[in-house]
Amino acid sequence: DFIAKYRTCRQQVRVSLGKVDHHEGMSSDDELPSTEMADFQKSKDDILEDSRKIFEDVRAEFSDIGQILLKFQEWKEKFPDSYCDAYISLCLPKLLNPLIRAQLISWNPLELIVTIFQQNFTGLEEMPWFRAIEEFSDAKNVSGSK
């Protein structure tokens, strides 16, 4: 009975404020004022802009996952024993973590539901860092290393 009273109260508030675009059954908690939405969007844009600057002064061979993995692939092919002794498979996640996290800053998994229905879905499997790691893993399996 509490929920019914709460809904009735919320409905009365919406009517008194002149909000007629509410559809029954949808949450009115998601209805943020435009000023809050603008502030949120500005904060989000600032964060995304700052994240683009993180690796701008780093050479590509040290900030591009594909190029980093290429260096490891060369090491594995030229010196397989030292590559194996260094436990690279255990080191790669920690090494690539900051680079992957920087690329995932703008990725919003909650938007996936909407984009799946619109057919412009970008899943993790389609991201460049994922493909680079996947190719590196396939190359590792093909070479028959220890």
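**Close-up views of the predicted model**

**View 1. Helix α1 and a nonpolar surface patch.** Phe 2 is placed in helix α1, which covers residues 2–17. In this predicted model, Phe 2 is exposed, its relative accessible area being 65%. Together with Ile 3 and Tyr 6, Phe 2 makes a nonpolar surface patch of about 370 Å². Phe 2 can belong to such a patch because its 65% relative accessible area meets the requirement of over 30%.

**View 2. A negative surface patch.** Five acidic residues form a negative patch on the surface: Glu 125, Glu 126, Glu 134, Glu 135 and Asp 138. One of them, Glu 125, is situated in the loop that links α7 (112–118) with α8 (128–143).

**View 3. Cysteine residues Cys 9 and Cys 84.** Cys 9 has a relative accessible area of 45% and is therefore partly exposed. Cys 84 is likewise classed as partly exposed, at 31% relative accessibility. Both values fall in the range between the 20% limit for buried residues and the 50% limit for exposed ones. Searching the whole structure for disulfides returns 0.

**View 4. Lys 71 in helix α4.** Helix α4 spans residues 65–78 and contains Lys 71. The relative accessible area of Lys 71 is 44%, so this residue is partly exposed. Along the chain, Lys 71 and Glu 61 are 10 residues apart. In space, the C-alpha atoms of Lys 71 and Glu 61 are separated by 8.5 Å.

**View 5. Tyr 83 in helix α5.** Tyr 83 belongs to helix α5, made up of residues 80–85. With a relative accessible area of 8%, Tyr 83 is buried, because buried residues are those under 20%. Phe 72 is 11 residues from Tyr 83 in sequence, and the C-alpha to C-alpha distance between Tyr 83 and Phe 72 is 8.3 Å.

**View 6. Tyr 87 in the loop between α5 and α6.** Tyr 87 is located in the loop joining α5 to α6 (88–103). Although Tyr 87 is not a glycine, its phi is positive, at about 50°. Tyr 87 counts as exposed, with 55% relative accessibility. Tyr 83, in helix α5, is by contrast buried at 8%. The two tyrosines fall into opposite classes because the limits are under 20% for buried and over 50% for exposed.

Definitions and conventions: Residues are numbered from 1 along each chain as its sequence is written. This is a predicted model: local features need pLDDT of at least 70, side-chain atom pairs count only at pLDDT 80 or more; totals for chains, interfaces and linings use all residues. Side-chain values use heavy atoms; hydrogens and water are left out. Patches are made of residues with over 30% relative accessible area and no salt bridge: like charges are joined within 9 Å, nonpolar side chains (Val, Leu, Ile, Met, Phe, Trp, Tyr) within 5 Å. Accessible areas come from the Shrake-Rupley method with a 1.4 Å probe; for residues, only the protein chains shown count as cover. A salt bridge is a side-chain nitrogen of Lys or Arg within 4 Å of a carboxyl oxygen of Asp or Glu. Lys and Arg count as positive and Asp and Glu as negative; His and the chain ends are not counted. The place of a charge is taken as NZ of Lys, CZ of Arg, CG of Asp or CD of Glu. Helices (H or I, at least four residues) and strands (E, at least two) are DSSP runs, numbered from the N terminus. Buried means under 20% relative accessible area, exposed over 50%, partly exposed in between (1.4 Å probe, protein chains only). A disulfide is a pair of cysteine sulfur atoms within 2.5 Å.
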